[in-house]
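Here is a walk through one protein model, taken helix by helix. Keep the picture open while you read, and find each residue as we get to it.

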Amino acid sequence: MTRVVVVTGAAGGVGRATVRAFHEDSWYVVGVDRLLNAEVPGADLMLGADVSDESGVERAFRELTRIGSIDALINNAAIQVLKNLVETTPAEWDTVMASNVRSAYLTIRAAYPLMRNRASAIVNVGSVHAVATSPGLAAYAASKGALVALTRAAALELAVDGIRVNAVLPGAVDTPMLRAGLLRAHRRTEEEGIVHIGSRTPLGRVAQPEEIAQSVLFLADPARSSFMTGQVLVVDGGATAHLSTE
C-alpha cells in the first residue's frame with residue numbers, strides 16, 4: 001500500500017526538496033502552500049492554504065479526507081523576520097508565531113483523525129536558532145524554540161495512538177529564505193554571504209535542501225526510525241558543536 005505524506009510550505013526551498021525525496025521513495029505526496037497554483041515537481045496533489053489560518057487548514061484537510069489516511073505530516077511552513085526584538089512590531093511577532101508554531105498545532109489537530117493507529121509520524125522542521133541564535137532573529141528563534149517544546153509535548157500525548165513526533169533542526173541551508181536574509185543583512189552579494197557562513201561552519205559549507213529532506217524522510221519512515229519519538233535531530237554541519245568563544 002502506498003504511503004501518504006503531507007508537506008506544508010511545499011513551495012519553499014526545503015519544502016520542494018522534501019517533496020522530491022518522498023516522491024523518489026514512492027510515497028504519495030500532498031503539498032500544501034499558501035502560494036496558490038504553485039507547481040512543485042514530485043507532488044501528486046497540491047493544495048493552496050495558509051496553514052496559520054484555521055479555516056484554511058480545515059478546507060485543506062477536508063480535501064485530504066478523500067484520500068482516507070495520512071502516514072506522515074511534515075510541518076515545514078515558516079517565515080522569518082530579521083529585526084532586533086525591540087524593533088519587531090507586535091503584528092510581526094504575531095505573524096511569525098502564527099506561521100511557525102500555530103500552523104503546526106492546527107495541522108496536527110486536523111491530521112490526527114487521519115493518522116491515529118497507523119504507525120504514522122509527524123516531523124516538525126525547526127531550526128538551530130531554537131538552541132543557539134544570532135542578533136536580529138528574536139521572533140524567529142522564539143518560534144522555533146516553541147516548536148521544539150510542541151514536538152516533545154505532542155510526542156508524549158500521541159504515542160498512545162501510534163503517532164511518532166520528532167523535529168529536524170537545520171543549520172544554514174542554501175534556500176531563498178537564507179539568501180533573502182543575507183541581502184537584508186547588507187552583505188555585498190548573496191554568494192559572498194553563503195561563502196562567509198560556510199567558512200564559519202565546521203564542515204566548511206552550508207547545507208543543500210536535499211540534505212535536510214533526507215533527514216526528514218528518515219524520521220518519517222517507520223522502517224528507519226520506528227523507535228524514535230520526542231527527539232530533536234540537529235543537522236547543522238557541526239555549527240552548534242563549536243564553542244563560540246574559541
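Let's start with a single side chain. Phe218 touches Arg224, Ser225, Met228 and Leu233, leaving aside residues up to four places away in sequence. Bear in mind that this is a predicted model. You'll find Phe218 in helix 7. Is Phe218 buried or exposed? Neither, quite: its relative accessibility is 29%, so Phe218 counts as partly exposed. There's also a long jump along the chain here, since Phe218 and Val123 are 95 residues apart in sequence, with their C-alpha atoms separated by 9.8 Å.

Now look at the rest of helix 7. Its twelve residues should span 16 Å at 1.5 Å a residue, and the end C-alpha atoms are 17 Å apart, which agrees. The buried residues of helix 7 are Pro209, Ile212, Ala213, Ser215, Val216, Leu217, Leu219 and Ala220. What do they pack against? The list is helix 1, strand 4, strand 5 (120-125), strand 6 (163-170), helix 8 (222-225) and strand 7 (232-235).

Helix 1 deserves a visit of its own. The axes of helix 1 (residues 13-24) and helix 7 (residues 209-220) come within 8 Å and cross at roughly 55°. The two helices are therefore oblique to each other, and the crossing is right-handed. On the helix 1 side, the contact is made by Gly13, Val14, Ala17, Thr18, Arg20, Ala21 and Phe22; helix 7 brings Pro209, Glu210, Ile212, Ala213, Gln214, Val216, Leu217 and Ala220. By class, that's ten nonpolar, three polar and two charged residues.

Within helix 1, the buried residues are Val14, Gly15, Ala17, Thr18, Val19, Ala21 and Phe22. Their cover includes strand 1 (4-8), strand 2 (28-33), strand 4 (72-75) and helix 7. Just after helix 1, look for Ser26, which takes a positive phi of about 70°.

Next, move over to helix 3, which has contacts with two other helices to show you. One partner is helix 2: the axes of helix 2 (residues 54-64) and helix 3 (residues 90-115) come within 10 Å and cross at roughly 30°. That angle is under 35 degrees, and the pair is therefore roughly parallel. Their crossing is right-handed. Helix 2 offers Glu54, Val57, Phe61 and Leu64, which meet Arg102, Leu106, Thr107, Arg109, Ala110, Ala111 and Leu114 in helix 3. These residues divide into seven nonpolar, one polar and three charged.

The other partner is helix 4. Helix 3 and helix 4 pack at an angle of about 15°, with their axes 8 Å apart. That makes these two roughly parallel, and this crossing is right-handed. Trp93, Val96, Met97, Asn100, Val101, Ala104, Tyr105, Ile108 and Tyr112 of helix 3 meet a set in helix 4 that includes Ala139, Tyr140, Ser143, Leu147, Leu150 and Leu158. The full contact has 16 nonpolar, two polar and one charged residues.

We can finish with helix 4 itself. Helix 4 (residues 138-158) has 21 residues and reaches 30 Å between its end C-alpha atoms, close to the 30 Å expected at 1.5 Å a residue. Which of its residues are buried? They are Ala139, Tyr140, Ala141, Ser143, Lys144, Leu147, Val148, Thr151, Ala154, Ala155 and Leu158. As you trace them, remember that an α-helix has 3.6 residues a turn, so residues three or four places apart point the same way.

Note on methods
Residues numbered from 1 in each chain as written. Predicted model: local features only at pLDDT ≥ 70, side-chain atom pairs only at ≥ 80, totals over all residues. Heavy atoms only, no water. Helix = DSSP H or I, 4+ residues; strand = E, 2+ residues; numbered from the N terminus. Expected span 1.5 Å × (residues − 1). Buried < 20%, exposed > 50% of the residue type's maximum accessible area, 1.4 Å probe, protein only. Axes fitted to C-alpha atoms, helices over the stretch in contact; angles between N-to-C directions. Parallel < 35°, antiparallel > 145°, perpendicular 65-115°, else oblique. Left-handed = near helix turned anticlockwise from the far one by under 90°. Contact = heavy atoms within 4.5 Å. Nonpolar A, V, L, I, M, F, W, Y, C, P; charged D, E, K, R; others polar.
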